[in-house]
Each structure stands twice: as C-alpha cells, then as structure tokens.
There are 2 protein chains.
Amino acid sequence: MVQLTNQDRALLRVLQEDCRITNQDLAERTGMSTSVCWRRVRALEEAGVISSYVALADPDAADLKFRAIVQVSLARTDTDTVRAFIDEVGQRPEVLQCFAVAGTSDYHLLVMCRDLEEYNRFYDEFLFERSCFGQVSMHLITRTIKSVVKLPV
Amino acid sequence: MVQLTNQDRALLRVLQEDCRITNQDLAERTGMSTSVCWRRVRALEEAGVISSYVALADPDAADLKFRAIVQVSLARTDTDTVRAFIDEVGQRPEVLQCFAVAGTSDYHLLVMCRDLEEYNRFYDEFLFERSCFGQVSMHLITRTIKSVVKLPV
DNA sequence: GGTGAAACTATAACGTT
DNA sequence: AACGTTATAGTTTCACC
C-alpha cells in the first residue's frame, strides 16, 4: 500500500475504536458503498496496515494494579547481550512495551503485574539474575491519565 | 465481577490475540461448551473486563514514524493546572499514553507523529505555549523492541 | 448448562459501467 | 479496472428445554 487515502483513514478511525461494527454500518459511517468499503478493509488487512483484531481488557478489572515504567541500561552492548535481552523481553508477558531511545543504551519498559510481590519475582528473575544491566530504575505508575491504541491516522 | 476464573483467563488470552474467532472455535480452544463460552464472554463484556474490540494498526504502515517518550514535569501543581493538562492530553490524538509516576510531578507520555515537522507543531501548540511546564525532555524512540496490548492475565 | 431456530452478516461469484 | 448486485454459507443471538 503506497499511501493511505482519506477513505482508508476514515475506515481506520472507526475500526480502531470498534471492529465489531458491521460492514454495512461501517460503509454508512464512512460514506462509501458496502462493496467499496468491504474491499478497502480487505486491502488494509492484506497490506498489513490493520495487523489484527483484538479484545482490549481493562488492567484494573484484570487485577493488574502494579504498573511501572522501568528504565534499564545495558552494561554491555555486544550483539549477544542485546539479543539475549530482546529475546527475554519478547518472552516476558509482564513486559507490554519496550522501546530503545536515542543517544543512550537505555530501554524504556512498560511492565504490568498483579502486585508488588509479582513484580519482585519478575525483577529477580529478569533484571537481577543477569550481569548485563548497568542501571535499573523503576517508576511506579500512580495514575493512568490516558492509554489508547488508536493511532492518529 | 469478583474474580476471574481460569476459564475467564483462557478466554481473555485468546480474545486479546484474535477477537474475530467464532464462538465455536473459541469454545473448542478453551475447552468449554459453546453455550458456556458465549455466556462467559458476555459476562466479561458486561463486567467491563473486556472494554472493547478494536482493530490494531501498524504505526509504520500508517506512516507514524516519529515516536517519542516525552517526560514533562508541571511547574505548578494546583488543581486547575493539572486539570487543564489532563484535558489537553485527552484531546491530543498524538498522545497515546500518559502516566503519572510516583514521587515526582512527572508525567511520561508516548507520542506518535508522522515526522519531526508534525512533532514540532505538537510541541509548539501543546508544550511550549503553556506556562505550566517545568521541564520537558523528549526521548526519540529508535527501535520498538516490543509493543503489545495483551495483558498477562 | 444444552438445543435449536431465526435473523443477521460475511463472503464471493457474477454483472455492469 | 472499479463498482454494484445478488445468492449462499456461516454466525450470532435468543428463547426455550
């Protein structure tokens, strides 16, 4: 897909808020015919613009009330160390996000656990039981002001 | 909903990865009857454990290649200032996440824009044109190691 | 907790401009 | 080549057992 059209963006804006809408309703809300609507959504899926359709769960309702931003810096930055870190991040379900930021060997992680006890276990297994970390600083999230997955398309 | 059962967790694990699965397939994969499966999913929706069903879009494919973690600290922390900040965060589509962290007057924001130009506009309108900010530090995201919305239930 | 039937929807094949 | 139309198979949803 070379570039998104305004039609595509309109579809994405709706589907990013509610993907259970029927094709007919989606077509109405975006001002296109049902057949065009259906074909464009398909094209967005095949182009990978829409990567999946998922249920969003509420962290509080799912009893994940210990949330933190964890900043870690790798003491060593050789390929093997970095690869092992990335693999582990991918496998840990408690880690929802991990971003590398410019200008440092820092990674910003979003971590969710049930409680402090579970976080401590995570910390011991993942962060402490490794020689690859320089500094680890945990910032407890006290309030979630905003958390959306809708991209500003 | 008092507490999630193992059945509920099984349903959530599947639906958080694919919500277009049919009730029959979902029942098979979670080892319950179709009627029980359907009723429990309904209960999860009504209890707000499942908050919505959405399409996930790929930021690169949607041409949102300027991503940053922005740390801001409020210079003033009176109710009006904080409220205005929270309102603005809610209205800005570029801000996907905003967390308050313990022990500081800091907020961690996840921001996505098309490019630097768009971010500069955002910065000028949102961050600079206000007297309420103490420090603002932007950390450009160079690599997304992981980004999922699936909670570890 | 199971069963079945009705209404609705997705999907693809076929026509049309 | 893009759009509209139609038929059908499949799914959701609800009432009842």
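Which N or O atom lies 2.6 Å from a base oxygen of DNA strand D? I looked this up before anything else, bearing in mind that the model is predicted, and found that the atom belongs to the side chain of R39(A).

**Entry 1: DNA strand D**

I then listed the surroundings of DNA strand D and noted S33(A), S35(A), V36(A) and R39(A) from chain A, together with T22(B), N23(B), W38(B), R39(B) and R42(B) from chain B. Of the strand's atoms that come within 4 Å of the protein, I noted that 56% belong to sugar and phosphate.

Turning to the phosphate oxygens of DNA strand D, I recorded a distance of 3.2 Å from one of them to a polar side-chain atom of S35(A), and a distance of 3.5 Å for a polar side-chain atom of R42(B). When I sorted the surface near DNA strand D by class, I obtained two nonpolar, four polar and three charged residues. I also asked which elements supply at least two residues of this surface, and wrote down helix 3 (34-46) of chain A and helix 3 (34-46) of chain B.

**Entry 2: DNA strand C**

For DNA strand C I repeated the search and found T22(A), N23(A), W38(A) and R42(A) around it, along with S33(B), S35(B), V36(B) and R39(B). Here sugar and phosphate make up 71% of the strand's atoms that come within 4 Å of the protein.

I looked up three approaches to phosphate oxygens of DNA strand C, beginning with N23(A), where a backbone N or O atom lies at 3.2 Å. For S33(B), a polar side-chain atom lies 2.3 Å from a phosphate oxygen of the strand, and for S35(B) I recorded 2.8 Å, again from a polar side-chain atom to a phosphate oxygen. The elements that give two or more residues to this surface are helix 3 of chain A and helix 3 of chain B, and I noted that helix 3 of chain B has the largest share, with three residues. By class, I entered two nonpolar, four polar and two charged residues for the surface near DNA strand C.

**Entry 3: helix 3 of chain B**

Which residues of helix 3 of chain B are buried? I found C37(B), V41(B) and L44(B), and, viewed down the helix axis, the buried residues fall within an arc of 60°, so they line one face of the helix. On the other side of this helix I noted R39(B) and E46(B) as exposed; R39(B) is also listed among the residues around DNA strand C and around DNA strand D. For the geometry, I recorded 13 residues and a reach of 18 Å from the first C-alpha to the last, close to the 18 Å expected at 1.5 Å a residue.

**Entry 4: helix 4 of chain A**

I next went to helix 4 of chain A, residues 79-91, which has 13 residues and reaches 18 Å between its first and last C-alpha, close to the expected 18 Å. Its buried residues are T81(A), V82(A), F85(A), E88(A) and V89(A), and because they fall within an arc of 130° when seen down the axis, they line one face of the helix. On the face turned away from that buried side I listed the exposed residues T79(A), D80(A), R83(A) and Q91(A).

**Entry 5: domains and single residues**

Chain A is divided into domain 1 (6-46) and domain 2 (66-140), and I noted 38 Å between the C-alpha centres of these two domains.

Where is D63(A) found? I located D63(A) in the loop between strand 1 (50-57) and strand 2 (66-74) of chain A, and I noted its positive phi of about 65°, although it is not a glycine. Its relative accessible area is 24%, so I entered D63(A) as partly exposed. In chain B, I found D63(B) in the loop between strand 1 (50-57) and strand 2 (66-74), with a positive phi of about 65° although it is not a glycine, and with a relative accessible area of 25%, which is partly exposed.

Is R67(A) buried or exposed? With a relative accessible area of 12%, R67(A) is buried, and I placed R67(A) in strand 2 of chain A. I also looked up R92(A), 25 residues apart from R67(A) along the chain, and found that their C-alpha atoms are separated by 15 Å.

Definitions and conventions. Residues are numbered from 1 along each chain as its sequence is written. Chains are lettered from A and ligands numbered from 1 in the order in which they are written. This is a predicted model: local features need pLDDT of at least 70, side-chain atom pairs count only at pLDDT 80 or more; totals for chains, interfaces and linings use all residues. Side-chain values use heavy atoms; hydrogens and water are left out. A residue is near a molecule or strand if one of its heavy atoms lies within 4 Å of it. A polar contact is a pair of N or O atoms within 3.5 Å; within protein, one must be able to donate a hydrogen and the other to accept it, and residues adjacent in sequence count only if both atoms are side-chain atoms. Helices (H or I, at least four residues) and strands (E, at least two) are DSSP runs, numbered from the N terminus. Ala, Val, Leu, Ile, Met, Phe, Trp, Tyr, Cys and Pro count as nonpolar, Asp, Glu, Lys and Arg as charged, and the others, Gly among them, as polar. Domain bounds come from an automatic or database domain assignment. The expected span of a helix is 1.5 Å times one less than its number of residues. Buried means under 20% relative accessible area, exposed over 50%, partly exposed in between (1.4 Å probe, protein chains only). The arc is that of the directions from the helix axis to the C-beta atoms.
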